[in-house]
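User: Please take a close look at the salt bridges in this model. Which residues pair up, and how accessible are they?

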Amino acid sequence: MSWIILIFVLLVASIKNRGTKAKLRVSVVIPAYNEEKTVGKVVSVVKSLNYVDEVIVVDDGSKDKTAQSADEAGAIVIIHKENKGKGSAIKTGFDSSTGDIVAFIDADLHNLSKDQVENIIKPILEGKADVTKTKFRRKAGRVTELTAKPLLNFFFPEIKFDQPLSGQFAAKRSFLSRIKLEEDYGVDVGIVLDADVRGMRIKEVDIGKIDHSHSPIESLNKMANEVVRTIVDRAMEYGRVSMMDTLGKYIRMSILGLSLTSLGLFSIFFINRIPAWSGIIMVIIGTLIAVYYTAKLVKMSFGVLRRSDRKSPTVKSFIYMHFPILISALILLAMIFTFVGSVHVTESGISVQPASSNLVWKAENNSLPLDVRGPYTVDSALEEEYDILRVPVDVLSTLEVNYGDTIYIKGQNYTITPNRLGEDNILRIPADARTYLGLEVGTVLLDNNIRNTFKNLYVEKSLPIDGNINNSSIKQGSFIKTSDNDGRIVNIYIDEQKVATTKGVFENGTYSIYINNFKYKTIYVDEDNSTSYAYWGKYVIKIEIGDKTKSNMEFATSDEGKFLNLIFK
């Protein structure tokens, strides 16, 4: 029975613990500069709250007994040897604190009460806010009304706080650790702006009447400068300036027009799923927008330049601002020149065939894994070259053939030959072959369409020979396919010396071996067959069908051509 009671007690404790939230540590940071008369009272009020875990006073280079008064009141005291500013003191205090919630209270408050401090901290403790700031009744407020509020209304109109520069605030450490704390009087408004942009829950709490030490006009001037700098910096950082100025609007709209035009051209020629008419509409609308706003931009820019006394800095500034639109214009021009250069005039009409080079991954070549190929332009054969195909060297790699190989087109054999000097991307094909392949002079072929153009054509390839077999050669017959399939590696040995290797796709069936153009024997190839022998004079020939591989060439069967033809001289 005792173990049942124990389990029941544990369950009850577990349920209670589940409903209890972990205690959040609270730190209070008090920046102080020559505040020996009031800092002790402020520390005492804060320490009277039983949920405050630490009170840190940062003496920012005071000349009086501020540090001594804070220490006697029970605060942790950190001393700056020289005055660095309120923001710097707040940053030092925050870096030294350990609380999950950090509150910041001025040291010069004459009538601070326990309830006022609670109003600042409690909303965050209760999960109702991420950041709290205060508003209160006071005599001063000139910097807020004359500087901060007008700027905030212009750049951050969504912020509607009564006193954005209240001076007393609190926030979660997780938020404060991710933002930049200003090192001067801009720290208050900087925190508010960062919190607003990041979507933090900000609560402005009313703490009633409070008395600050009255600042001289010189201090207010410094405070106003620092507040203005912080607001303007944040406006630039968060894109509020470029969203509002006229020049920025013209630049954005010009880029929009150029981008829309480029998208329309691209969709017309490359995106099949988008109707051509929608691409044409995009081009028209984009062109109108680009022309209209670029004209306004040019007019305004020249007006500013004309009125500027210092031309060089102004020009540099304009280049920096206008750089995005220049890049967009260059992209559009590049596309237009590409399309214009791809115009082909034929007897049937005018066609535009934009083409580009292809990047080809050469897995078997470790020295240069990427190869740039094409596009290729079809041209007529040279005079009296009726049985010759002149092709670029990149086409050899794509078709997996070599110069000197023979390709059969509609029963006619054509020898593959190098291009003439300066014709690196020209395909010279005789008229009969062009007709059969459906090509015209001027047709542009992408590299990835070459195999499709020559698909299912029979090729007799000369295999590279390793070793010396008396200037003999080996030819292999196969068909060009458009995609990789499961194939086999074929090794050829003469007198136990491997002299050649090739690869291709086998179909279960018979394959002919020729010697000196005469059929010597026929072999049957299936999954189990691996080795065949042939003999010619003193030579022992072994054909070994080896490991599996991928290939887009298909070996010719007995009724289609010559699988292997060994020529002995």
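Analyst: Lysine 550 is partly exposed, with a relative accessible area of 45%, while its partner, aspartate 486, is exposed at 57%. Here buried means under 20% relative accessible area, exposed over 50%, and partly exposed in between, with a 1.4 Å probe and protein chains only. The model is predicted: local features need pLDDT (the predictor's confidence in each residue, from 0 to 100) of at least 70, side-chain atom pairs count only at pLDDT 80 or more, and totals for chains, interfaces and linings use all residues. Residues are numbered from 1 along each chain as its sequence is written, and side-chain values use heavy atoms, leaving out hydrogens and water.

The side chains of aspartate 486 and lysine 550 form a salt bridge at 2.6 Å, N to O. Aspartate 486 lies in strand S19 (residues 473–494) and lysine 550 in strand S24 (residues 539–555), so this pair ties together parts 64 residues apart in sequence. Strands (E, at least two residues) are DSSP runs numbered from the N terminus. A salt bridge is a side-chain nitrogen of Lys or Arg within 4 Å of a carboxyl oxygen of Asp or Glu; the structure holds 20 of them.

Another joins glutamate 204 and lysine 133 at 2.9 Å, N to O. Glutamate 204 sits in strand S7 and lysine 133 in strand S5 (residues 131–137), 71 residues apart. Glutamate 204 is buried at 19%, and lysine 133 is buried at 2%.

Arginine 198 and aspartate 194 meet at 3.9 Å, N to O. Arginine 198 is partly exposed at 35%, whereas aspartate 194 is buried at 2%. Both residues belong to a salt-bridge network with Glu182, Arg229, Asp233 and Arg234.

Conventions
Helices (H or I, at least four residues) and strands (E, at least two) are DSSP runs, numbered from the N terminus.
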